[in-house]
Amino acid sequence: MDKVDLRITKSEQAIEQAFLELVEEKGFENIHIVDIATKANVNRNTIYLRYGTKEDIIETMINKLFDEQLNQLDTDMIMKTRTSRKAIQNMFESIFNVLSKEIDVYRIILTDPNLLGYANKMIDKVRKMMLRVVQDTKKNKIIVEYLLKGAYGIITMWIIYDTGSIEENAKILSDLVISNARHLSFK
């Protein structure tokens, strides 16, 4: 088993934390590798060797975050849950709880206009996951897109504007899904 070099881990954490703080302070477009290196107290060559560009930093962070959070969810159960209102609400509560662990990161991604493309990449991953379990029809694609955009809007509002409790938002989402999922044709 490979040992993880703690110096590398600490450097990565410092770089990623400095990056997030700078995006929040100055905006994504206004930060440079030298700013990140200074704030993280690392040599800028460390950043170039580990990540490359600031775009690579955010890409790496989002991929790690998305993968870690997907591992916390039972995605098979989520995609098979389509009849029980309570089961669907519990599923959304689980998703909100997982998102809440890194809510500050998501808030930064969703509020900086230059980072919205990365949010769209996450949405695309979820879209592909959803489309794997429904029949390949135009109607299903439209319904999946509607559900996905509705869920994205509700989750975004919760992350940015703190629009109620996890339970309240999970109920709204479960109502949205229940009222529309009956139109889907599953494989």
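Which pattern does the protein chain follow when read along the sequence?

1. Happily, this one is quick to describe: the protein chain follows the pattern α-α-α-α-α-α-α-α-α-α. That gives 10 helices and 0 strands. Please keep in mind that you are looking at a predicted model.

2. On confidence, the protein chain has a mean pLDDT of 87, with 91% of its residues at 70 or more. Helix H2 (residues 33-40) has the highest confidence, with a mean of 97, while helix H5 (residues 75-80) has the lowest, at 59. A friendly caution for your reading: where pLDDT is low, the predicted coordinates should not be read in detail.

3. For overall dimensions, the C-alpha trace spans about 55 × 40 × 30 Å along its principal axes. Of the 187 residues in the protein chain, 42% are buried. The chain exposes about 11000 Å², and carbon and sulfur atoms supply 53% of that area.

4. Now to the contacts within the chain. Taking those between residues at least 6 apart in sequence, 66% join residues at least 24 apart.

5. The charges are worth a look too. The protein chain carries 27 positive and 27 negative charges, and the mean positions of these two sets are 7 Å apart.

6. If you would like one residue to inspect on screen, try Gln89, which lies in helix H6 (residues 85-100). Is Gln89 buried or exposed? Gln89 counts as buried because its relative accessibility is 14%, and the cut-off for buried is under 20%. Setting aside neighbours within four places in sequence, Gln89 is in contact with Glu167, Ala170, Lys171 and Ser174.

Notes
Residues numbered from 1 in each chain as written. Predicted model: local features only at pLDDT ≥ 70, side-chain atom pairs only at ≥ 80, totals over all residues. Heavy atoms only, no water. Helix = DSSP H or I, 4+ residues; strand = E, 2+ residues; numbered from the N terminus. Buried < 20%, exposed > 50% of the residue type's maximum accessible area, 1.4 Å probe, protein only. Contact = heavy atoms within 4.5 Å. Areas by Shrake-Rupley, 256 points an atom, 1.4 Å probe, with all protein chains shown as cover. Lys, Arg positive; Asp, Glu negative; His and termini not counted. Charge placed at Lys NZ, Arg CZ, Asp CG, Glu CD. pLDDT = per-residue confidence, 0-100.
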